[in-house]
Amino acid sequence: MKTIMIIEDDAAIRDSLQELLESEGYNVILAEHGQVALSFLETNQKLDAILLDLSMPVMDGKTFLREITRLFPALGRLPIIIMTAAGPGEIPRDYAKERVLRKPLDVDELISKIEMVTEAAQIL
Amino acid sequence: MKETILILAPFGRDAELSSSLLNKEGFNTKILKSINEVTLESLQATGALLLTEEALTPQDFINLEKKLIEQDTWSDIPIILLISNKEQTRAHKVLNRFSKGNITLLERPFGLITLVTTINVALRSRRRQYQVRDLLEQQEISLRARDEFLSIASHELKTPITTLKLQVQMRKRFIKKGDTSVYSPDKVNALIETTEHQMARIERLVDDMLDISRIENGKLKLQFEQFDLGELVTKTFYSLADEFKNAKCPVELDIKEGIVGRWDKYRIEQAIINLFTNAIKYGSNCNVKITVKDESNSAVLMVKDEGMGIAPDDQSRIFQRFERAVKGGNISGLGLGLFITKEILELQGGKISVKSKIGEGSTFIVKLPLHEERRNL
């Protein structure tokens, strides 16, 4: 069973994503902001992908991206899909298009992107 | 500087003479040695130019004209050009050259009163130009604020819409797969509850946006009625008790009942909700104390949290439009809550203030007049 971590501060979005991904057969881990996610990674790094919101309190998505690279270089290949409601300016430059989802999220697009990145990661 | 007249005469003595003459009439003056001293910047910051034709070479005219063209849209500096009556043809040439300029030719000899009134007219029109400049600046600032607001508002609206869309599309997907559990009472109830909650969020955002526009246009109407402030605060607290619980905020209520006044109940409730949700948002996992008491002709409501606190510089800013102490989009909301709260309290003769220390929390204090005649309506 593949494991996806959802990092999102809005409880309603987080719960909806959990329901959706579990129904698709994924194991889901929830974190309400970047800091919670990093502390989880300290003890468990068995993840297949991360869904990351950009605008969050305590630690936002951009900081999380910087910190995960700094603290867990071994996770360099872990696919991270960004979710954002803001304009293109908020997405880190050079971030791969296929790893960006715009809010309001589209369920089919979300599922196919998760499938794509988790399968690609397996081949690697 | 805005009222200063720059003087250029062929001989320094002439310039000094006219300058002291004008000073006596109450004008500020500055003598130029050459027209090339005038930069675009000083030109735009000056009241008027008083020039003598003999002091200008044809090249000077060309240079001056260039600067006149470069002026900002609002600026059309008045120029008073003194010419000799023997040089009518040159005067025509000058006029042609400056046909688009704000120029008055004064033919010598003329009396002091002619010069004084001409300068007065010039400065008067110049003052109007500065007013236009200030208005344009203000307009640009408010347009920028509005743009920013629209972008924050659409961002905020997308959050509840994301949940609604996820819920609906997810169910469509289940149905497509033949999963009939979608129709079970539990699942239907859960969907209804989520939908209701998200719709309420959208409604609140839209209400805030409408309130802002009503406040700005002076169209916020109040309906006064007599009620007990303590009762309303208690009722509002219980309606938000779950949210306090979810944010792990233990709440202490110290409510004096029987504090009755005539205020707009709906708007006061809105103010109370704003203060409570702020305490929840910025003081999660911390104690909250809610107090209602009376104090020399005022009803007082205090909401004290032990959250992150507000820096002294930010304490007045948070009551302005679109402002919040925490920048960077990490806290949701339009940044309108405290502005709306302050406006609706002031419309009822009340006021709001904050006492806060970084790391120790904040106390918001609302004071409402207990006697209607004290209200400045």
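These are my notebook entries on what I looked up in this structure, which is a predicted model.

**Entry 1: chain B as a whole**

I began with chain B and found that its secondary structure comes to 11 helices and 12 strands. Of its 377 residues, 43% count as buried, and the chain exposes about 21000 Å², with carbon and sulfur atoms supplying 52% of that area. I then looked at how far apart in sequence the contacting residues lie: among contacts in chain B with a separation of 6 or more, residues 24 or more positions apart account for 74%.

**Entry 2: aromatic rings**

Over all chains, the structure holds six aromatic pairs. I looked up Phe237(B) and Tyr238(B), whose ring centres are 5.0 Å apart and whose planes stand at 65°, so the pair counts as edge-to-face, the term used for angles over 60 degrees. Which of these two is buried and which is exposed? Phe237(B) has a relative accessibility of 9% and counts as buried, while Tyr238(B), with a relative accessible area of 56%, is exposed.

Next I noted Phe244(B) and Phe276(B), an edge-to-face pair with 5.7 Å from centre to centre and 65° between the planes. This pair links distant parts of the chain, as Phe244(B) belongs to helix H8 (residues 241-246) and Phe276(B) to helix H9 (residues 265-282), 32 residues apart. Both count as buried, Phe244(B) at 1% relative accessibility and Phe276(B) at 0%. Taken together, Phe237(B), Tyr238(B), Phe244(B) and Phe276(B) are linked into a cluster by ring pairs.

I also looked for charges over rings in chain B. The charged end of Lys2(B) sits over the ring of Tyr130(B), 5.1 Å from the ring centre, and the charged end of Arg133(B) sits over the ring of Trp74(B), at 5.2 Å from its centre.

**Entry 3: a buried glycine in a loop**

I turned to Gly47(B), which is found in the loop between helix H2 (40-44) and strand S3 (48-52) of chain B. Why does Gly47(B) count as buried? Its relative accessibility is 0%, and buried means under 20%, so the residue falls below the cut-off. Leaving aside neighbours within four places in sequence, I find Gly47(B) in contact with Met1(B), Lys2(B), Glu3(B), Thr4(B), Ile77(B), Pro78(B), Leu123(B) and Arg126(B). For Leu123(B), which is 76 residues away along the chain, the C-alpha atoms of the two residues are separated by 5.8 Å.

**Entry 4: helices of chain B**

In helix H11 (residues 337-346) of chain B, I listed Leu338(B), Phe339(B), Ile340(B), Thr341(B), Ile344(B) and Leu345(B) as buried. Helix H6 (185-216), H9, strand S11 (351-357) and strand S12 (361-369) of chain B are what these buried residues pack against. I kept in mind that an α-helix has 3.6 residues a turn, so residues three or four places apart point the same way.

Leu150(B) lies in helix H5 (residues 112-176) of chain B, and at 49% relative accessibility it counts as partly exposed. Its C-alpha atom is separated by 9.6 Å from that of Met209(B), which is 59 residues away along the chain.

**Entry 5: inside chain A**

In helix H3 (residues 61-71) of chain A, the buried residues are Gly61(A), Phe64(A), Leu65(A), Glu67(A) and Ile68(A). Their cover includes strand S1 (3-7), helix H2 (34-43), strand S3 (49-53) and strand S4 (80-84) of chain A.

I then checked Lys113(A), found in helix H4 (residues 107-123) of chain A. Is Lys113(A) buried or exposed? At 12% relative accessibility, Lys113(A) counts as buried. Apart from neighbours within four places in sequence, Lys113(A) is in contact with Ile81(A), Lys97(A), Glu98(A), Val100(A) and Leu101(A).

**Entry 6: where the chains meet**

Finally I looked at the interface, where 23 residues of chain A are in contact with 20 residues of chain B. The area buried between the two chains is about 2000 Å², of which carbon and sulfur atoms give 53%. Glu19(A), Pro104(A) and Val107(A) supply 25% of the area that chain A buries against chain B, more than any other three residues.

How many salt bridges does the rule find across the interface of chain A and chain B? It finds five. I also noted the salt bridge in which the side chains of Glu24(A) and Lys177(B) meet, at 2.8 Å from N to O.

Conventions. Residues are numbered from 1 along each chain as its sequence is written. Chains are lettered from A and ligands numbered from 1 in the order in which they are written. This is a predicted model: local features need pLDDT of at least 70, side-chain atom pairs count only at pLDDT 80 or more; totals for chains, interfaces and linings use all residues. Side-chain values use heavy atoms; hydrogens and water are left out. Helices (H or I, at least four residues) and strands (E, at least two) are DSSP runs, numbered from the N terminus. Buried means under 20% relative accessible area, exposed over 50%, partly exposed in between (1.4 Å probe, protein chains only). Contact means heavy atoms within 4.5 Å. Accessible areas come from the Shrake-Rupley method with a 1.4 Å probe; for residues, only the protein chains shown count as cover. Rings of Phe, Tyr and Trp (its six-membered ring) pair if their centres lie within 6.5 Å; planes under 30 degrees apart count as stacked, over 60 as edge-to-face and the rest as tilted. A charge sits over a ring if NZ of Lys or CZ of Arg is within 6 Å of the ring centre and within 35 degrees of the ring normal. Buried area is the accessible area (1.4 Å probe) that two parts lose on being put together, summed over both. A salt bridge is a side-chain nitrogen of Lys or Arg within 4 Å of a carboxyl oxygen of Asp or Glu.
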